[in-house]
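Student: Please take me through the terms used to describe this model, setting each value against its definition before drawing a conclusion.

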Amino acid sequence: MLNVPDNPIIPFVEGDGTGRDIWRASVRVFDAAVEKAYGGKRKINWYEVLAGEKAFTQTGNWLPDETVAAFNEYLVGIKGPLTTPIGGGIRSLNVALRQLLDLYVCLRPVRHFPGVPSPVKRPDKVDMVIFRENTEDIYAGIEYRAGTPEAQQVFDFLHATFPKDFNKVRFGTAERTDAFLDMIHQSPEGKVEVGVGIKTISRLGTERLVGAAIQYAITFKRKSVTLVHKGNIMKFTEGAFRDWGYEYAERAFGDHVYTWAQWERTKAARGEAAANAEQKAALEAGKILIKDAIADITLQQVLTRPDEFDVIATPNLNGDYLSDALAAQVGGIGIAPGGNINYVTGHAIFEATHGTAPKYSDLDKVNPGSVILSGDMMLRYMGWIEAADLIVAALSKTITDKVVTYDFARQMEHATEVKTSEFADALIANMDVILAGGGQADEGTAVGPELLKRAEGRVYPRETVGAVMTRTVVAVPGDASIREVSQHMQARGIHSVVVLPDAQGQWGIMTMRDILKKIAAIGKDINGMKVDAVTTRPLITTTPDMSIVACAQLMLDKNIRRVVVTEDDEPIGIISDTDIFHFVVG
C-alpha cells in the first residue's frame with residue numbers, strides 16, 4: 001500500500017499537440033475534485049517535467065534524465081500524449097518510460113458512460129479491465145532495419161545455427177529475392193531487404209502480469225480472468241503465456257480460482273459431465289474462473305458477446321489492439337484512460353491513450369476525457385477514492401446533460417458543443433450540484449440527524465478499534481432525501497452516515513461513494529431519491545475490542561473502507577481505513 005501524504009508531489013508531462021489544452025482543463029478538474037472531496041485538507045503539488053517536443057526544444061533531448069529521475073523519486077505521475085515519429089528517429093517515449101521504470105502492467109479499464117455515442121447496439125454491456133503486459137513481446141524493441149549489418153548478423157547466425165528455421169525467412173537470401181523478381185519479369189537486385197524483430201515472453205513476466213490481474217479480480221469481485229493469446233500459432237511464446245498463466249493461477253491463487261486447465265484434467269480423468277459439475281460448484285462457491293481465448297476470436301467476441309469478458313490478461317501486442325478496439329465500442333480513445341504500473345515498487349504513470357492530433361493544437365477543441373479519466377485512475381491508485389468518484393459522477397452527469405466537446409456533439413442530437421476548457425468548467429460545476437444532491441428540493445422526511453454518542457467517555461486499550469474509531473455517529477432515517485443528507489454530510493465534512501433500522505430491524509450505512517456510484521450508474525442527479533435507495537444493509541460490523549490488525553484484515557477481505565462499530569447491536573462508532581493508516585504511521 002502506498003504511503004500518500006495529504007500534499008503529495010506529482011510529476012506531470014503536459015504532452016505535445018493537443019496535450020497543452022487537455023492538461024490545462026484536466027488539472028483544474030483534478031484540483032477541484034480533491035478540494036471539494038476533502039474540504040481543503042488535501043492538495044496535490046504539481047511538478048512539471050519535460051518529455052517529447054517541449055523537452056527537445058528546451059533541452060535537445062526527447063526524454064531528459066531528470067524526467068525519468070522525477071518519476072522514479074515520486075513514484076506516481078501523469079502525462080499527456082507525446083509525439084512518436086513513425087519509421088525512424090526516436091523510439092516511442094511511452095515505451096521508453098515503461099521499460100526504464102519496469103512498469104510491467106498497462107491497465108486499461110473500458111466501460112460505457114450513458115449517453116456517449118457508440119457504433120454498437122449495447123455498449124452498456126462492455127465493462128472490462130485489460131491487463132496488457134508492458135515490457136516484453138515485440139515491444140521490447142529488439143529489431144533491426146532491413147539491409148543493415150545488424151540484421152545480416154542475425155540472419156547469418158540463423159543460417160549457421162538453425163538452417164531449417166532460416167529457410168522460413170521467405171526472402172532471406174539474394175538468390176530467393178531474385179528468383180521471385182524473375183517470376184514477375186523484373187530485373188534482379190542481388191540484395192536482401194528484410195527487417196527483423198525478436199519476440200520475447202518470459203515465465204516471470206507472465207506470472208507477475210497474470211498475478212496482478214487475478215489480484216484485481218479478487219479485490220474488486222470480478223467473475224473471470226481471460227488469458228488472451230495466439231498460442232495456436234506462436235506456441236513457445238504466446239502458448240507458453242497461456243500455460244504459465246494457468247500454472248501460476250493454480251499455484252498462487254488456488255483457493256480463489258478455478259481454471260480451464262483444471263477442467264481439462266477432470267474431463268480426461270472422469271469425463272465431461274464431471275468436469276462441468278466441478279466448474280459449476282467452484283463458481284457457485286465464489287471462485288473466479290480463469291479461462292483463455294485466441295486473440296483473433298476475442299476481437300470478434302468482444303463485439304458479439306461482450307458480457308462474457310471481465311478481466312483480460314494478455315501479451316503486449318494483443319493488448320494494444322484489444323484495448324483500442326474496445327475503446328471504439330464505448331466512445332473512442334478520446335475518452336479511454338490508461339495506467340502503467342509496477343505493483344511491486346509502486347511506480348505508476350497514468351496517461352492519455354490517444355495521439356497528439358497536432359492539427360487541433362491550441363484550438364481549445366478536443367475532448368479531455370482520456371486524461372481526466374486517467375487522473376481518476378491515479379487518484380484511486382493513491383487511495384483518494386472520494387475525489388475519484390466525484391470526477392466520474394461529474395463526468396457522467398455532464399455527458400448525460402449533453403454538454404460535450406465536438407467529437408461527441410457531432411454524433412448526439414440536441415447536444416451543446418463546448419470547448420475543452422468549457423467542458424472542464426461544466427464538470428466542476430456539476431461537482432457542486434452532485435455534492436448538494438441536485439438543484440431542486442426533494443419531497444421526503446427532513447434529515448433530522450441523530451448524533452449517537454454512546455461510546456463517549458469510555459476508555460479502550462490502545463491497539464483496539466475502540467481506541468481509534470470516530471465516536472460520534474450521525475444516523476439518518478431511510479426515507480430522508482439523499483439531497484438533504486448529502487448537504488448535511490458536506491457541512492460536517494464526513495463521508496458516511498449510518499441509517500436507522502428498517503422494518504426488519506437492520507441498521508444500514510450510506511457513504512459518499514455510494515451516492516456517486518448511483519449518480520454515475522443512472523447518469524443524472526438524485527433529486528427525489530431517498531436514502532434507502534443507496535443504503536447498504538445488513539451492516540458489516542466489528543466490536544470495539546477487536547484489534548486494529550484484525551479490523552484491517554476484515555476491510556481487505558470484504559473490500560470495504562469503513563466498518564461500523566457496535567455493542568449490543570447498536571452503533572457506537574465508525575472506523576475507516578484512513579483512521580487505521582493514521583494510527584499506524586502516527
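Tutor: A crossing of two helices is called left-handed if the near helix is turned anticlockwise from the far one by less than a right angle, and right-handed if it is turned clockwise. The model is a predicted one, in which local features need pLDDT of at least 70 and side-chain atom pairs count only at pLDDT 80 or more, whereas totals for chains, interfaces and linings use all residues. Residues are numbered from 1 along each chain as its sequence is written, and side-chain values use heavy atoms, with hydrogens and water left out.

Student: Which helix does α21 pass in a left-handed crossing, and what makes the pair oblique?

Tutor: The partner is α22, a helix of residues 577-585 whose axis lies 11 Å from that of α21, at an angle of about 140°. Axes are lines fitted to C-alpha atoms, for helices over the stretch in contact, and angles run from 0 to 180 degrees between N-to-C directions. Angles under 35 degrees count as roughly parallel, over 145 as roughly antiparallel, 65 to 115 as roughly perpendicular and the rest as oblique; about 140° belongs to the rest, and α21 is therefore oblique to α22.

Student: Which residues make that contact?

Tutor: Contact means heavy atoms within 4.5 Å. Ile-548, Cys-551, Ala-552 and Met-555 take part from α21, while Asp-577, Ile-580 and Phe-583 do so from α22.

Student: Why are α8 and α9 also called oblique?

Tutor: The angle at which α8 (residues 203-219) packs on α9 is about 55°, and their axes are 9 Å apart. That value falls in none of the named ranges, which means that the two helices are oblique to each other. The crossing of α8 past α9 is right-handed. Among the residues in contact are Leu-209, Ile-214 and Ile-218 of α8, together with Trp-244, Tyr-248 and Ala-249 of α9.

Student: What makes β20 a strand, and how do you know that it pairs with β21?

Tutor: Helices (H or I, at least four residues) and strands (E, at least two) are DSSP runs, numbered from the N terminus, and β20, running over 541-542, meets the strand minimum. Two strands pair if DSSP finds at least two bridges between them. Two bridges join β20 to β21 (residues 562-567), so the requirement is met, and these strands run parallel. Thr-542 stands opposite Val-565 in β21.

Student: What kind of sheet contains these strands, and which helix packs on it?

Tutor: The sheet is open and has three strands in the order β20-β21-β22, with mixed pairing. Its edge strands are β20 and β22 (570-576), each pairing on one side only. Helix α21 (residues 548-558) packs on this sheet and touches β20, β21 and β22, its direction making about 80° with that of β22.

Student: Is Asp-137 buried or exposed, and what sets its phi apart?

Tutor: Buried means under 20% relative accessible area, exposed over 50%, and partly exposed in between, with a 1.4 Å probe and protein chains only. Asp-137 has 1% relative accessibility and so counts as buried. Its phi is near 65°, a positive value in a residue other than glycine, and its place is the loop between β5 (127-133) and β6 (143-144).

Student: Why is Asp-362 called partly exposed, and Ser-187 exposed?

Tutor: Asp-362 has a relative accessible area of 45%, which lies between the two limits, so it is partly exposed. Asp-362 also has a positive phi, near 60°, and sits in the loop between β13 (348-352) and α14 (369-382). Ser-187 reaches 58% relative accessibility and therefore counts as exposed; its loop lies between α7 (174-183) and β7 (196-197).

Student: What makes a nonpolar core, and which residues touch the most other members of the largest one?

Tutor: Such a core is a set of buried Ala, Val, Leu, Ile, Met, Phe, Trp, Tyr and Cys residues joined through side-chain atoms within 4.5 Å. The largest has 99 residues, of which Phe-131, Val-225, Ile-290, Phe-350, Leu-379 and Met-510 touch the most other members. Helix α1 (residues 19-38) supplies the largest share of this core, 11 residues. Leaving aside neighbours within four places in sequence, Ile-290 is in contact with several residues, including Ile-214, Val-225, Leu-227 and Tyr-246.
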